[in-house]
Amino acid sequence: MQIMADVGGIPGKNCRGFCEYCYFKNVHETKVLGCKNCPPGQVGCPHCTTDTNMKRDYLPPFQVLSSLQNNIFQTQLSPNTMVNITGDGDISCYPQLLELTGSIKQMGLPIHLGYTSGKGFDDVKTVDQLINNNVVETTYTAFATDPELRRRWMHDPTPEVSIDALKRFCESCDVHAASIIIPGVNDGDVLHQTCADLESWGAKALILMRFANHHNQGLILNNDPIIPEIEQQNLTDFEQLVRDISKEYNLRVTGTPVCDPDLDTPYALAKDKNKEYLEILTPIKASATIITSKISAPYIRKILENIGAADYVNVIATNQEIACLITPEDLHEINLEDVKDTVIIPGRCYVHDLVAEEIFRADGKFRLIHRGPDMLTADGEMSGSLTREDVLKQELIAFEDLIELINYMGVPIIDRN
């Protein structure tokens, strides 16, 4: 169990400058997206208005600690409870990080440092002090263990220190390293050297992250490519890369948006060897349309086929590759002739309920619109810390919730037993 300690921060400002590949680098205007958290009659809220995390500077330690104590008070702590220090800036750049971790240590709780690039470390001794303050785990953006590549692509002012800091963490903590893979930059021999270094230092895991450079890959805040000259890496090649690295190195290797070679995610239930678990699910007795992402659609279709529901529930893939990043722009591209009377949209997609209703009723046909579960599977950023049993249980619960929604809100199939 993790309890969040949010230190705030602004991308690009509280991280010693944007990395070349940063998602927020080209975001200059406020964009109101809409989501499930918006008030019923208002499109836009702090969760889906993009300037809310571009104006919030680092929070003072007393405010972070006060919020943390409230979270602890409202949570039933377990023996493995850990505080996750997180934020929108870079954790290593938080100026009171030692003070904050020292105070959390006095609470008797271990600490996970959320995503950090290490760009804020000017002296590796800081890492020793953090470890002494009960930091036992961190997620660290390695990118590459070549200091010149970090200097060029991450604009790291002290790349040698950052790499030494990563090594020191690996020697004393559970390190989940992360590398956004930019074709022709930090793949190939560079990636193999990075993996060899991480393995020799004692890193626990490595998350390979496919570089998003186009709108349909998740760039919903700005349609322009982050790095125009970089060609898009197709999913098949990326998945093979993840599998190859996993076989070659003694690291727990996962990929996002695909794949986890050890646990068969995303959508472990779609794999033939896990087909028997589908017998647990309630039969589908109503018709509906499921709207999802380009990546998720084939998996969900196969699961529906395997439980005998493909004739009643159809799956429509948007061009967006990540379901929770679907926006109204993606829904407008759907042919309404393919949409049934009940529509299930992803629970976390960036579409206001009223906007979704307008889009799916634009042809004059009244359709019921409902949000499905927030997540149907775990991607590589989550599954790296899960077991096979965790993954299957999570997916079974999510699909059972989805089926219950379809059976309750969909059009009943009268002739089905």
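Q: What makes the pairing of D128 with R168 a salt bridge?
A: In this predicted model, the closest N and O atoms of D128 and R168 are 2.5 Å apart. A salt bridge requires a side-chain nitrogen of Lys or Arg within 4 Å of a carboxyl oxygen of Asp or Glu, and the pair of D128 and R168 therefore counts as one. The pair links distant parts of the chain, with D128 in helix α3 and R168 in helix α5, 40 residues apart.

Q: Why are D128 and R168 called partly exposed?
A: The relative accessible area is 33% for D128 and 26% for R168. Partly exposed covers values between the buried limit of 20% and the exposed limit of 50%, so the term applies to D128 and to R168.

Q: Why are helices α3 and α5 described as roughly parallel?
A: Helix α3 (residues 125–132) and helix α5 (residues 159–172) pack at an angle of about 30 degrees, with their axes 9 Å apart. Angles under 35 degrees count as roughly parallel, and α3 and α5 are therefore placed in that class. The crossing of α3 past α5 is right-handed.

Q: Which residues of α3 and α5 meet?
A: From α3 come V127, D128, L130 and I131, and from α5 come A165, R168, F169 and S172. By class, this contact has 5 nonpolar, 1 polar and 2 charged residues.

Q: What makes α6 oblique to α7?
A: The axes of helix α6 (residues 188–201) and helix α7 (residues 235–248) cross at roughly 40 degrees and come within 11 Å. The roughly parallel class ends at 35 degrees and the roughly perpendicular class begins at 65, so α6 is oblique to α7. The passage of α6 over α7 is a right-handed crossing. L191, H192 and C195 of α6 make the contact with L241, I245 and E248 of α7. Its composition by class is 4 nonpolar, 1 polar and 1 charged residues.

Q: Why are R252 and D260 called buried?
A: R252 has a relative accessible area of 16%, and D260 has one of 1%. Buried means under 20%, so the word holds for R252 and for D260. The side chains of R252 and D260 meet in a salt bridge, at 2.8 Å from N to O. In a separate network, salt bridges that share partners join D128, R168 and E171.

Q: How many salt bridges does the structure hold, and why is the pair of D374 and K36 said to tie together parts apart in sequence?
A: The structure holds 20 salt bridges. In one of them, the side chains of D374 and K36 meet at 2.8 Å, N to O. D374 lies in the loop between β11 (368–371) and α11 (380–383), while K36 lies in the loop between β1 (2–6) and α1 (61–73), so the pair connects parts 338 residues apart in sequence. D374 is partly exposed at 38% relative accessible area, and K36 is partly exposed at 37%.

Q: Why is L368 called partly exposed, and which residues does L368 touch?
A: L368 lies in strand β11. Its relative accessible area is 30%, and values from 20% to 50% count as partly exposed, so L368 belongs to that class. Leaving out residues up to four places away in sequence, L368 touches D341, T342, V343, R361 and M409. The C-alpha atoms of L368 and V343 are 6.1 Å apart, although 25 residues separate them along the chain.

Methods
Residues numbered from 1 in each chain as written. Predicted model: local features only at pLDDT ≥ 70, side-chain atom pairs only at ≥ 80, totals over all residues. Heavy atoms only, no water. Axes fitted to C-alpha atoms, helices over the stretch in contact; angles between N-to-C directions. Helix = DSSP H or I, 4+ residues; strand = E, 2+ residues; numbered from the N terminus. Parallel < 35°, antiparallel > 145°, perpendicular 65-115°, else oblique. Left-handed = near helix turned anticlockwise from the far one by under 90°. Contact = heavy atoms within 4.5 Å. Nonpolar A, V, L, I, M, F, W, Y, C, P; charged D, E, K, R; others polar. Buried < 20%, exposed > 50% of the residue type's maximum accessible area, 1.4 Å probe, protein only.
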